[in-house]
Amino acid sequence: MTGDLFATHQDEPYAERLGDCTVWLHGFAYNSASALVRAIEEIAREAPFRQMITPGGFRMSAAMTNCGRLGWVTDRTGYRYTEHDPQTARRWPEMPDCLLELATSAAQEAGYSGFAPDACLINRYLPGSRMSLHQDKNEEDYSAPIVSVSLGLPMVFQFGGMARNDKPARLPLSHGDVVVWGGADRLRYHGVSPLKSGYHELTGDCRINLTFRKAGA
Ligand code: SIN
Ligand code: FE2
């Protein structure tokens, strides 16, 4: 029977528990991926992808936009959430139902019922783009989990510990994978290694990551 179990791993969704409070849902978003990518294209027409500047003055290598009531931004004055896109002065686009449903059902599958995200950060990585280890800690409270969806080209997710220098696990995330972490794992350091070039039929030369959070009170 073990053979059967492994045979399904490539093609069918399955959950891999990475600790008490973290679950890697392989392929969970696979079937909704084309609807998600279309919705993201629509969002980007209203709130274009842009490479933001860190408080230290560096340009981030991932291009970002947001949807939902709150959007995560960074500039020379710091990291924060805003209700308006600083580039257009308009509200961030609404979170489309297909994104919200995916996020809440993934959270539920991982054991977090009642997840009500008010923010979805959309990261777009081109070859060479990366994100260094960091904690997600600009939210009002940490009781809700983080739901992270991978679309397009594969990328190595580094999932570390509670200290920056804890050696991170390296998880090769594929198109359609979702990682959910919360509870005791909520403040774990994480990041992604530089994207290798390639081609994906839905996203072309990039990887897109959706990070859903409950950011406001
Ligand atoms: C993030 O932590 O904001 C993004 C992680 C990822 O792209 O997988
Ligand atoms: Fe993050």
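**Figure 1. Protein donors of the iron ion (ligand 2) in a predicted model**. Three residues supply protein donors to the iron ion: His134 through NE2, Asp136 through OD and His190 through NE2. These donors lie 2.1 to 2.3 Å from the metal. Along the sequence, the donor residues follow the spacing H-x1-D-x53-H.

**Figure 2. Angles at the iron ion (ligand 2)**. Four donor atoms surround the metal. They subtend angles of 90 to 176°. The arrangement is irregular because of these angles: tetrahedral would require all angles to lie between 85 and 135 degrees.

**Figure 3. Aspartate 136 and histidine 190, two donor residues of the iron ion (ligand 2)**. The spacing of the donor residues is H-x1-D-x53-H. Aspartate 136 sits in the loop between strand E7 (131-134) and strand E8 (146-152). Histidine 190 belongs to strand E12 (residues 190-192). The two are 54 residues apart, and the pair links distant parts of the chain. Both aspartate 136 and histidine 190 are buried.

**Figure 4. Residues around ligand 1**. The surroundings include Asn123, Tyr125, Met131, Phe157 and Val192. Among the others are Arg207, Asn209, Thr211 and Arg213. His134 and His190 also belong to this set; both are protein donors of the iron ion (ligand 2) as well.

**Figure 5. Polar side-chain atoms and oxygen atoms of ligand 1**. For histidine 134, a polar side-chain atom lies 3.1 Å from a ligand oxygen. For histidine 190, the distance is 3.0 Å. For arginine 207, it is 2.8 Å. On its own, ligand 1 has 260 Å² of accessible area, and the protein covers 98% of it.

Definitions and conventions. Residues are numbered from 1 along each chain as its sequence is written. Chains are lettered from A and ligands numbered from 1 in the order in which they are written. This is a predicted model: local features need pLDDT of at least 70, side-chain atom pairs count only at pLDDT 80 or more; totals for chains, interfaces and linings use all residues. Side-chain values use heavy atoms; hydrogens and water are left out. Donors are N, O and S atoms within 2.8 Å of the metal (3.2 Å for Na, K and Ca); water is not among the atoms, so sites may look incomplete. Four donors count as tetrahedral if all angles lie between 85 and 135 degrees; four count as square planar and six as octahedral if opposite donors are over 155 degrees apart and all others between 65 and 115; anything else is irregular. Helices (H or I, at least four residues) and strands (E, at least two) are DSSP runs, numbered from the N terminus. Buried means under 20% relative accessible area, exposed over 50%, partly exposed in between (1.4 Å probe, protein chains only). A residue is near a molecule or strand if one of its heavy atoms lies within 4 Å of it. A polar contact is a pair of N or O atoms within 3.5 Å; within protein, one must be able to donate a hydrogen and the other to accept it, and residues adjacent in sequence count only if both atoms are side-chain atoms. Accessible areas come from the Shrake-Rupley method with a 1.4 Å probe; for residues, only the protein chains shown count as cover.
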